[in-house]
Amino acid sequence: MNKILILFIFSQIAFAQKTIVKTSLHFSGKIDKYPIEMTIEFIQGQDSVSGSYYYLKNSKDMPIFTKGTYKAGQIKLDETTYTATKKGNVPAKTGSFVLQLDNEHKLSGIWQNVKKDKKFDATLTCLEDLSVFNPKNYTYKLNPHKGKAENMNGELADNFLISKLDIFNAKKEKVQTLSGFNKAIYEKDAAVELEDLNFDGLLDIKIPIYFPDRIKYDGGFLYFIYDKTKKQFIRNTKLEELEYLHFDQKNKEFIKYEADGSGNETDSYYKWSNNNFYLIKKVESFEDSDKTTYTEYEIKNNKSVKVKQYQK
């Protein structure tokens, strides 16, 4: 067998890998009498899970990170908090969960501290409606392949690209192909992420992509919103223009964070209305000012209209 044929076979094996599929589910509930919001990320075909939660009295800016396993409907999580010191953030295990996921996707079980001398009931309800679209009933296949994409020098260079996503049902029948793009990805690890992007309770799709021609903000997503009536995912190119976004299920808003590395930062908040989204608030910090500028907007006639601006 000649070397060219061997290299060809090896390259085909390298690309015959499974698409990584991550699903983020959000839960709302309590530990004892204390309200919490929790996110758990599941990876299809694996029993490892991870995520975070926060107490409503502390807000989402004080997350407690979790990591554990999911087997036979039981979720075990160890939690970690971080303490800021002169040497950096120091992690410490502070507690753990043992939770059971029932057929209605509710979680119930216990939380206990690391010393195991405190134990409280924990009950949570899933915010997503998995009866309409449950990702575990489907498989997803991206097509990573080698191709050319422009680099930071304006030259075409070798990259790993994707140009379509095939979705199959439990019977291995293809139910939809998402195409019309040809985007670079980080290395050859093709991934699909499922999360409710428009807060209608239904999981949508986002595909991580890479911009090899940039130094900063070199990553973003392709976004596809699930249409319940058509039972199809519809690409949202307007959302893609904002690139990398954070979705807040509790407040039903999403945020774009921007920073130039010199102390100038902008957080832009958006809300959905009538299948479109609008800017509702900007929070800006500048290197030459000790005050933060807040700009608030209202949705009027399908536009974001500035109504207030102040500093504090």
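These legends go with several close-up views of a predicted model.

**View 1. Nonpolar residues gather in a core around Phe97 and its companions.**
Let's start inside the protein. In soluble globular proteins, nonpolar side chains tend to be buried together. The largest nonpolar core here has 45 residues, and those that touch the most other members are Phe27, Met38, Ile40, Tyr53, Phe97, Leu165 and Ile205. Take Phe97 as your guide: setting aside neighbours within four places in sequence, Phe97 is in contact with ten residues you can look up one by one, namely Ile31, Met38, Tyr53, Ile75, Lys76, Leu77, Glu79, Ile110, Trp111 and Ala122. A second core of 15 residues is separate, and its members include Tyr223, Leu242, Phe254 and Trp272.

**View 2. Trp111 and Phe120 form a stacked pair of rings.**
A pair of aromatic rings is described by the distance of the centres and the angle of the planes. The structure holds 22 such aromatic pairs. For Trp111 and Phe120, the ring centres are 6.1 Å apart and the planes meet at 15°; an angle under 30 degrees counts as stacked, so this pair earns that name. Are the two partners buried or exposed? Trp111 counts as buried, at 10% relative accessibility, while Phe120 is partly exposed, with a relative accessible area of 29%.

**View 3. Phe221 and Tyr223 belong to a cluster of linked rings.**
Here the rings of Phe221 and Tyr223 make a tilted pair, with 5.7 Å from centre to centre and 45° between the planes. Both Phe221 and Tyr223 are buried. Step back a little and you can follow ring pairs that link Phe199, Phe221, Tyr223, Tyr244, Phe247, Phe254, Tyr270, Trp272 and Phe277 into a cluster. Phe221 also has a charged visitor: the charged end of Lys206 sits over its ring, 4.8 Å from the centre. Another lysine to look for is Lys281, which lies over the face of Tyr269 at 4.5 Å from the ring centre.

**View 4. Strands E5, E6 and E7 are joined by antiparallel bridges.**
Strand E5 (residues 74-85) and strand E6 run antiparallel and are joined by 12 bridges. Within this pairing, Thr83 has Val90 in E6 as its bridge partner. A hairpin through two residues carries the chain from E5 to E6. Moving on, E6 and E7 also run antiparallel, with seven bridges between them. Gln100 stands opposite Ser108 in E7. The hairpin of E6 and E7 has four residues between the strands.

**View 5. His105 and Asn275 have a positive phi in their loops.**
Most residues other than glycine have a negative phi, and most peptide bonds are trans. Which way does His105 go? Its phi is positive, near 65°. You will find His105 in the loop between strand E6 (88-101) and strand E7 (106-113). Asn275 has a positive phi near 65° too, and Asn275 lies in the loop between strand E21 (265-273) and strand E22 (276-285). How do their surroundings look: buried or exposed? His105 counts as buried at 18% relative accessibility, whereas Asn275 is exposed, with a relative accessible area of 76%.

**View 6. Three strands make an open sheet in the order E9-E12-E13.**
The pairing in this sheet is antiparallel. Why do E9 and E13 each have a side without a neighbour in the sheet? Strand E9 (139-142) and strand E13 (174-178) stand at the edges, and each has a single partner strand, so one side of each is left without a neighbour in the sheet. On average, neighbouring strands of this sheet are turned by 20° against each other, ignoring direction. Strand E12 (residues 165-168) pairs with E13 in the antiparallel sense over four bridges, and one bridge to find is that of Asp166 with Thr177 in E13.

**View 7. Six strands make an open sheet running from E19 to E24.**
The order is E19-E20-E21-E22-E23-E24, with antiparallel pairing. At the edges are strand E19 (246-248) and strand E24 (303-311), each pairing on one side only. Neighbouring strands of this sheet are turned by 25° against each other on average, direction ignored. E19 and strand E20 (residues 253-259) pair over three bridges in the antiparallel sense. To find a bridge yourself, look for Asp248, whose partner in E20 is Glu253.

Terms used: Residues are numbered from 1 along each chain as its sequence is written. This is a predicted model: local features need pLDDT of at least 70, side-chain atom pairs count only at pLDDT 80 or more; totals for chains, interfaces and linings use all residues. Side-chain values use heavy atoms; hydrogens and water are left out. A nonpolar core is a set of buried Ala, Val, Leu, Ile, Met, Phe, Trp, Tyr and Cys residues joined through side-chain atoms within 4.5 Å. Buried means under 20% relative accessible area, exposed over 50%, partly exposed in between (1.4 Å probe, protein chains only). Contact means heavy atoms within 4.5 Å. Rings of Phe, Tyr and Trp (its six-membered ring) pair if their centres lie within 6.5 Å; planes under 30 degrees apart count as stacked, over 60 as edge-to-face and the rest as tilted. A charge sits over a ring if NZ of Lys or CZ of Arg is within 6 Å of the ring centre and within 35 degrees of the ring normal. Two strands pair if DSSP finds at least two bridges between them. Axes are lines fitted to C-alpha atoms, for helices over the stretch in contact, and angles run from 0 to 180 degrees between N-to-C directions.
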